[in-house]
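Please open the model in a viewer and keep a selection tool at hand. The tour below proceeds from one selection to the next and states what is found at each.

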Amino acid sequence: MDGPRWLPLEANPDVMTKFLHCLGMIPTWQFGDVYGLDPELLSMVPRPVCAVLLLFPLTEKYEAFKLEEEEKLKAQGQEVPADVYFIKQTIGNACGTIGLIHAVANNQAHLKFEPDSPLKKFLEQTSKMSPEEKASFLEKDESIRVTHESSAQEGQSEAPSIDEKVNLHFISFVNVGGQLYELDGRKPFPIAHGKTSEDTLLEDAIGVCKTFMARDPQELRFTVIALSKDSY
């Protein structure tokens with residue numbers, strides 16, 4: 001990716017919650033780790049859940065699948081309603097921030113913002129733009145870039161250098177109009193994964209996450225994070 005580069009964001013729920021709070025989202029919803037994919041561990045995740053983030057490795061198997069999936073969907077076509085907010089990733093290492101934008105932008109009915117929230121302003125200004133125009137607008141948004149940079153240095157592990165090649169990638173799963181969408185800024189469009197609901201979003205998203213893991217059974221570098229209503 002030849003555009004601008006940012007520091008990678010750590011898959012740390014506290015860092016993510018603080019990042020969005022700094023951009024003016026009132027923390028009535030919080031990110032939390034999903035510690036396992038079986039029903040017992042999923043039952044420990046606070047409900048309701050409005051978005052699920054997956055961090056996964058960009059392996060050769062995945063890249064081959066991604067190309068195949070893209071060609072298949074372009075050939076057969078898929079209906080994606082205009083109210084699915086989707087932004088392309090043109091900034092190196094910004095997939096964490098893109099994932100958070102996708103999670104928040106498609107849940108504005110649930111979330112609350114401070115009156116002068118830079119994030120709310122960004123979402124309002126970009127709502128009618130194409131995915132490419134949104135990406136270009138993000139490149140110029142200083143408040144989001146500066147908050148991303150400070151958040152990237154806050155995690156528990158040492159932040160890699162800005163030029164280091166990071167082969168882990170964030171994507172989001174959201175419910176828009178009763179359909180489960182996978183939102184990945186490296187892909188040309190959202191991917192529809194069938195019906196879902198506010199009550200079943202976590203389980204439905206986990207079903208898709210399991211297919212990512214099954215494609216690379218030797219890989220252990222998967223992290224799942226849920227955006228849940230604050231239960232404290």
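Over the ring of which residue does the charged end of Lys134 sit? Select Lys134 together with Tyr85: the charged end of the lysine is placed over the ring of Tyr85, at 4.5 Å from its centre. The model is a predicted one, and every value quoted on this tour is computed from it.

**The whole chain**

Zoom out and colour by secondary structure. The protein chain comprises eight helices and eight strands. Its C-alpha trace spans about 45 × 40 × 40 Å along the principal axes. For 232 residues, a compact globule would be expected to have a radius of gyration near 17 Å, and the value for the protein chain, 17 Å, agrees with this. Of these 232 residues, 49% count as buried. Contacts in the protein chain with a separation of 6 or more can also be displayed: residues 24 or more positions apart account for 75% of them. If a surface is drawn, the protein chain exposes about 11,400 Å², of which carbon and sulfur atoms supply 52%.

**The aromatic cluster**

Next, select Phe56, Tyr62, Phe65 and Phe212, which together form one aromatic cluster. Aromatic pairs number five when ring centres within 6.5 Å are counted. The rings of Phe56 and Tyr62 have centres 4.8 Å apart and planes at 65°, so this pair is edge-to-face, given that planes over 60 degrees apart are classed in that way. Phe56 is buried, at 1% relative accessibility, and Tyr62 is buried too, with a relative accessible area of 2%.

Keep Phe56 in view and turn to Phe212. These two residues form an edge-to-face pair, with 5.0 Å from centre to centre and 65° between the planes. Phe56 belongs to strand β3 (residues 49-57) and Phe212 to helix α8 (residues 201-215), so the pair ties together parts that are 156 residues apart in sequence. Both Phe56 and Phe212 are buried.

From the cluster, add Arg215 to the selection. Arg215 lies over the face of Phe65, 3.7 Å from the ring centre.

**Helix α4 and the loop after it**

Now select residues 95-105, helix α4. How many of the residues of α4 are buried? The count is 11 of the 11, so the helix is largely enclosed by the rest of the structure. Among the buried residues are Cys95, Ile98, Leu100, His102 and Val104.

Continue to Asn107, in the loop between α4 and β4 (112-113). Is Asn107 buried or exposed? Asn107 is buried, with a relative accessible area of 4%. Setting aside neighbours within four places in sequence, Asn107 is in contact with Cys50, Ala51 and Val174.

**The cysteines**

Select the cysteines and show their sulfur atoms. A disulfide is a covalent bond between the sulfur atoms of two cysteines. The structure holds zero disulfides. For Cys22, the closest cysteine sulfur is that of Cys50, 19 Å away, which is too far for a bond. Cys22 is partly exposed, at 47% relative accessibility. For Cys95, the closest cysteine sulfur belongs to Cys209, and the distance of 15 Å is again too far for a bond. Cys95 is buried, with a relative accessible area of 10%.

**Backbone details**

Two backbone sites merit inspection. Most residues other than glycine have a negative phi, and most peptide bonds are trans. Select Arg47 and Pro48: the peptide bond from Arg47 to Pro48 is cis, with omega near -5°. Pro48 is located in the loop between α2 (39-42) and β3.

Then move to Asn93, in the loop between α3 (60-76) and α4. Although Asn93 is not a glycine, its phi is positive, at about 70°. Asn93 counts as buried, at 10% relative accessibility.

**Last stop: helix α7**

Finally, select Ser150, which is part of helix α7 (residues 142-152). Ser150 is partly exposed, at 41% relative accessibility. Add Phe19 and draw the C-alpha to C-alpha distance: Ser150 and Phe19 are 8.6 Å apart in space, although 131 residues separate them in sequence.

Terms used. Residues are numbered from 1 along each chain as its sequence is written. This is a predicted model: local features need pLDDT of at least 70, side-chain atom pairs count only at pLDDT 80 or more; totals for chains, interfaces and linings use all residues. Side-chain values use heavy atoms; hydrogens and water are left out. Rings of Phe, Tyr and Trp (its six-membered ring) pair if their centres lie within 6.5 Å; planes under 30 degrees apart count as stacked, over 60 as edge-to-face and the rest as tilted. Buried means under 20% relative accessible area, exposed over 50%, partly exposed in between (1.4 Å probe, protein chains only). Helices (H or I, at least four residues) and strands (E, at least two) are DSSP runs, numbered from the N terminus. A charge sits over a ring if NZ of Lys or CZ of Arg is within 6 Å of the ring centre and within 35 degrees of the ring normal. The radius of gyration is taken over C-alpha atoms; the globule rule is 2.2 Å times the number of residues to the power 0.38. Contact means heavy atoms within 4.5 Å. Accessible areas come from the Shrake-Rupley method with a 1.4 Å probe; for residues, only the protein chains shown count as cover. A disulfide is a pair of cysteine sulfur atoms within 2.5 Å.
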